[in-house]
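Biologist: I would be grateful for a close look at a single part of this model, described from one residue outward to its surroundings. Please proceed step by step and keep the account connected.

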Amino acid sequence: MIVLDDVTVWLPGRGTVVKNVSLSLNAGTVTCLVGRRGAGTTMLLRLLAGQLPAGTRVNGKALIDGVDVMDMGPDLLAETTHIVDTDLLTWADLDDSTSPEPGPWTRRPLDTWPLDIRARIAASLVNSRVADEQGIVLVDHPTSGLNRLQRHALTERLRAIADQGATVLWADHDLDTAWAEADRIVEMSAGSVVSDSPAHSWVPHGLPLPIGRALTSLARDQVDTDALVFSDLPRPRRNDDHRTGPVMTMIGCRDLGLEGPDLVIHDRESLAIVRADDLAGATGLNTDHTSDGAIRPESVASRLLHALPRPGRSLPSSQLRPSYDPRKVAGTTELASQRRRDLSRGERAWLRVHGHLTTPDPLLLAHADHDLDPIERSLVSESLRNAPAGVRIVTSRDVEFLVRAVHRVIVIDGHRVIADRSPLALGLAPLTHVGALAGSEYHMTLGDIIDSLDVAEGRTI
């Protein structure tokens, strides 16, 4: 059991990051912490795991089974709590995880490994043994870097661990997964708790409404989240066709280490490079390769960027490069005033895209949605889709983000290009939250569904 009694956390270089938080979390439950960048969710998990930076000051009490965390030594904490965080992986974790994908990164420090590989390692550390050995399981933004099936498998394991009697505290930006899988949602803002309720009745204060929650509200009935809420919705009335710019170049697949037809690259378009395995369930995609030796989307995207006639730049997914100056990149006093070492990973994620999306030069955004909060994800996806100033090459394991952000998806299977189409032509819409719940073959937004209902009920012409 976890009890937080009026907890306040002050960090050197940042000030107060958690403010007067009081919570009580029972064994056998899954609680999800949500909030915008800088809300304090990660700091609460780090406090309970004994992973706060040197110089941190804590007021109030954080109790695990009646014992104050600040009075527990590292050995006792390790016996009591288990934290899963891609930023805190150690070489010892590799012994307990599934075998990582081989590659040149295995000779580098763990925190520089590709995001999706670190995410899979971290997710594999969530297993039934954890509930037997440690009664407190802390999971920090685990779904970033995982594809749809991997996310589902992870949340199933979190539920199984809770059913074995563990207390699960989980922080995430994936609001739909939190709404569907958690028992309770605690929303934080600027270090304080602003909402605490059962997941099914959670009403956000400063975040978007989960899509599943919004659709069930529109249906005016509580339904199972796996069932179809609406059926036979018409195609959206808006014109969703992309008007690409002029053809920039044609690039042979051989130049990218692939087999397949030449790729036509347009100016001012956003395109994604995706591995077929990450689109499991998409209609019309037949894969026949083994994963051994399969080329990574990020490798293809990097080769494509360098093959373009106009020089471009790659924005790293893991951290700001040393040459980046937050004062020049941020565009806001809030972040520009922070030293690089004091930036949270959510702030680093925003800084790497903020101010760059308007450049006409080609950009590579590996794991474009990584660690962005829900509102930032929406801003980035709208910029990529509606007004790209130049070629934008994107990789992501999140189908929801891809459907909203890009005009084309190039799908690779092993070393072959097996598809080069729009998200709609690929049949990805049913894999999104709206598509799965609304039963529509088209890419639908909540606004599209409301418009369709208005037309059906004669409220508009």
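Modeller: The structure is a predicted model, and the account begins with Leu77, which has its place in helix α2, residues 74–80. Is Leu77 buried or exposed? Its relative accessible area is 6%; Leu77 is therefore buried, since the cut-off for that class is under 20%. Leaving aside neighbours within four places in sequence, Leu77 is in contact with Leu48, Ala49, Gly50, Ile64, Val69 and Met72. One of these partners, Gly50, lies 27 residues away along the chain, yet the C-alpha atoms of Leu77 and Gly50 are separated by 7.1 Å.

The next residue to consider is Thr81, which is found in strand β6, residues 81–84. With a relative accessible area of 7%, Thr81 falls under the 20% limit and so counts as buried. Beyond the residues up to four places away in sequence, Thr81 touches Leu48, Ala49, Ile64, Gln134, Ile136 and Leu138. Leu48, Ala49 and Ile64 appear among the contacts of Leu77 and among those of Thr81.

Within β6, the side chains can be sorted by direction. In a regular strand the side chains alternate between the two faces of the sheet. In β6, Thr81 and Ile83 point one way, while His82 and Val84 point the other way. Residues on both sides of β6 are buried, as all four of these are.

Strand β6 belongs to an open sheet of six strands in the order β6-β7-β8-β3-β9-β10, and the pairing in this sheet is mixed. Its edge strands are β6 and β10 (192–198), each of which pairs on one side only. On average, neighbouring strands of this sheet are turned by 15° against each other, direction ignored. Strands of a sheet pair through backbone hydrogen bonds, either parallel or antiparallel. For β6 the partner is strand β7, residues 136–140; the two run parallel and are joined by four bridges. Within this pair, Ile83 stands opposite Leu138 in β7. Helix α1, residues 41–49, packs on the sheet and touches β3 (30–35), β6, β7, β8 (167–171) and β9 (184–189). The direction of α1 makes about 145° with that of β7.

Val84 leads from the strand to a cavity. How many cavities of 30 Å³ or more does the count give? The count comes to one, and the largest cavity has a volume of about 50 Å³. The lining of the largest cavity consists of Val84, Asp85, Thr86, Ala119, Ala122, Ala123, Asp140, His141 and Pro142. Helix α4, residues 115–124, gives the most to this lining, with three residues. By class, the lining has five nonpolar, two polar and two charged residues.

A second sheet may be set beside the one just described. This open sheet also has six strands, in the order β14-β15-β16-β13-β17-β18, with mixed pairing. Its edges are β14 (313–315) and β18 (416–421); each has a single partner strand, so one side of each is left without a neighbour in the sheet. Neighbouring strands here are turned by 20° against each other on average, direction ignored. Inside this sheet, strand β15 (residues 363–365) pairs with strand β16 (residues 392–394) in the parallel sense, over three bridges. Leu364 stands opposite Ile393 in β16.

Helix α12, residues 345–353, offers a further case of burial: it is mostly covered, with eight of its nine residues buried. Those buried residues are Arg345, Gly346, Glu347, Ala349, Trp350, Leu351, Arg352 and Val353. After α12 comes Gly355, whose phi is positive, near 90°.

For the chain as a whole, there are 17 helices and 18 strands. Buried residues, with Leu77 and Thr81 among them, make up 54% of the 461 residues in the protein chain. Of the contacts between residues at least 6 apart in sequence, 67% join residues at least 24 apart.

Methods: Residues are numbered from 1 along each chain as its sequence is written. This is a predicted model: local features need pLDDT of at least 70, side-chain atom pairs count only at pLDDT 80 or more; totals for chains, interfaces and linings use all residues. Side-chain values use heavy atoms; hydrogens and water are left out. Buried means under 20% relative accessible area, exposed over 50%, partly exposed in between (1.4 Å probe, protein chains only). Contact means heavy atoms within 4.5 Å. Two strands pair if DSSP finds at least two bridges between them. Axes are lines fitted to C-alpha atoms, for helices over the stretch in contact, and angles run from 0 to 180 degrees between N-to-C directions. On a 1 Å grid over the protein atoms alone, a cavity is a set of points where a 1.4 Å probe fits but cannot get out, and a pocket is an open set with protein on both sides within 12 Å along at least five of seven lines; lining residues have an atom within 4 Å of a point. Grid points are joined across faces, edges and corners, and a volume is the space filled by probe spheres set on the points. Ala, Val, Leu, Ile, Met, Phe, Trp, Tyr, Cys and Pro count as nonpolar, Asp, Glu, Lys and Arg as charged, and the others, Gly among them, as polar.
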